[in-house]
Amino acid sequence: MPLSIATWNINSVRLRQDLVVRLAAEHAPDVICLQETKCPDAHFPRRIFEQLGYRHIELHGQKGYHGVAVLSRRQIEPVIARPFCGIGDCRHICVDVDDGRGGKVRLHNFYVPAGGDEPDPAVNPKFAHKLAFLDEMTAWFAAERDAVAPSDRAVLVGDLNIAPLADDVWSHTQLLRVVSHTPVETEGLERVRAALGWVDVVRRHIPPPEKLYTWWSYRAKDWAAGDRGRRLDHVWISPGLSAACDRVAVLREARGWDRPSDHVPVIARLDI
DNA sequence: ATGGTAGCTGTGCTA
């Protein structure tokens, strides 16, 4: 029974709940992972999603900023919502998803800090926070790799706020000094990936040199004409499970929906 | 040379 998982930075779930409904209606992913919900848990619009069949909901939200959520048509169990960097930001939630055959898939949903404008951790605390967040992810997954019983049925999704490859941005050379594509970030993200051997299944299905983006700035006059995008949203799968991923989709068209998020959904399907 | 838009908050911050 295939398991499909979507990830989407929704930029306010209350403002754009109708767009999540549209995603559910048109693509029916089994699980929807959201970032930037900007919504305290007590005010999350549960009912609209429950009515669509997403009856299993786990939240880690806060007022105004950040916030992550998992909506699922399959049974899920909460595992942890880790407070990275010792501050209260809601940027991670982890659940176990019932795989329909007596097993489970561990699912991490991340919202990595954007990092501000200046790519120098000595003068920009937001950039220092971003790099520290990546280092903590690396240490955490390295510990998981070395654990007595490591999970090799795991999926990591989210807005990682880094475009790792040259073809993940509209201009590699022009963005090398722009936060999201600097070498210190892409190298840091590569250490996170390598800590557990995560497989970037989106790029396995849509390899370079094809350009691939999941985010376009609101500030462009015409996002589609300029097409100055970046691939900030990712789906990674643990080595033992990665071969099961038989389909991925980047829903570029969602950037053109009415009152859109600046990010689009990415969906991966696991044939398990 | 450095603006442009968006959301939430509260008269600015974050992205």
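This is a short dialogue on reading the domain, pockets, DNA contacts and aromatic pairs of a predicted model.

User: Where does UniProt place a domain in this chain?

Analyst: The unreviewed UniProt entry puts "domain: Endonuclease/exonuclease/phosphatase" at residues 6-263. Over that stretch, helix makes up 27% and strand 24%. The C-alpha atoms at its two ends are 13 Å apart.

User: How is empty space found, and what volume does the largest pocket have?

Analyst: A probe the size of a water molecule is rolled over the atoms, which shows where space is left empty. Here the largest pocket has a volume of about 900 Å³.

User: Which residues lie nearest the centre of the largest pocket?

Analyst: Ala114, Asp117, Asn161, Trp215 and Arg219 do, out of 30 lining residues. Helix H3 (residues 125-145) gives the most to this lining, with three residues. Sorted by class, the lining has nine nonpolar, 11 polar and 10 charged residues.

User: What lines the second largest pocket?

Analyst: Its lining is Trp170, Trp215, Trp216, Ser217, Ala220, Trp223, Arg228 and Arg230. Five of these count as nonpolar, one as polar and two as charged. The volume of the second largest pocket is about 160 Å³.

User: Now the DNA. Which residues come nearest to DNA strand B?

Analyst: Ser12, Leu15, Arg16, Tyr218 and Arg219 come nearest, among 16 residues around the strand. Look at the DNA side too: of the strand B atoms that come within 4 Å of the protein, 63% belong to sugar and phosphate. On the protein side, the surface near strand B has five nonpolar, four polar and seven charged residues.

User: Which parts of DNA strand B do the side chains of lysine 126, arginine 219 and arginine 259 approach?

Analyst: Take them one by one. Lysine 126 has a side-chain N or O atom 3.4 Å from a phosphate oxygen of strand B. Arginine 259 places a polar side-chain atom 3.2 Å from a phosphate oxygen. Arginine 219 has a polar side-chain atom 2.5 Å from a base nitrogen. Arg219 also appeared above, among the residues nearest the centre of the largest pocket.

User: How many aromatic pairs does the whole structure hold?

Analyst: The search finds 11. One pair is phenylalanine 84 with phenylalanine 110. Read two values: the ring centres are 5.5 Å apart, and the planes meet at 65°. Planes over 60 degrees apart count as edge-to-face, so this pair is edge-to-face.

User: Why does this pair tie together separate parts of the sequence?

Analyst: Phenylalanine 84 sits in the loop between strand S5 (76-80) and strand S6 (92-98), while phenylalanine 110 belongs to strand S7 (residues 104-111). The pair therefore ties together parts that are 26 residues apart in sequence.

Notes: Residues numbered from 1 in each chain as written. Chains lettered and ligands numbered in written order. Predicted model: local features only at pLDDT ≥ 70, side-chain atom pairs only at ≥ 80, totals over all residues. Heavy atoms only, no water. UniProt positions renumbered as here; feature names shortened; annotations may be inferred. Helix = DSSP H or I, 4+ residues; strand = E, 2+ residues; numbered from the N terminus. 1 Å grid on protein atoms, 1.4 Å probe; cavity = no way out; pocket = protein on both sides within 12 Å on 5 of 7 lines; lining within 4 Å. Points joined across faces, edges and corners; volume = space filled by probe spheres on them. Nonpolar A, V, L, I, M, F, W, Y, C, P; charged D, E, K, R; others polar. Near = heavy atom within 4 Å. Polar contact = N/O pair within 3.5 Å; in protein donor to acceptor, adjacent residues only side chain to side chain. Phe/Tyr/Trp six-rings, centres within 6.5 Å; stacked < 30°, edge-to-face > 60°.
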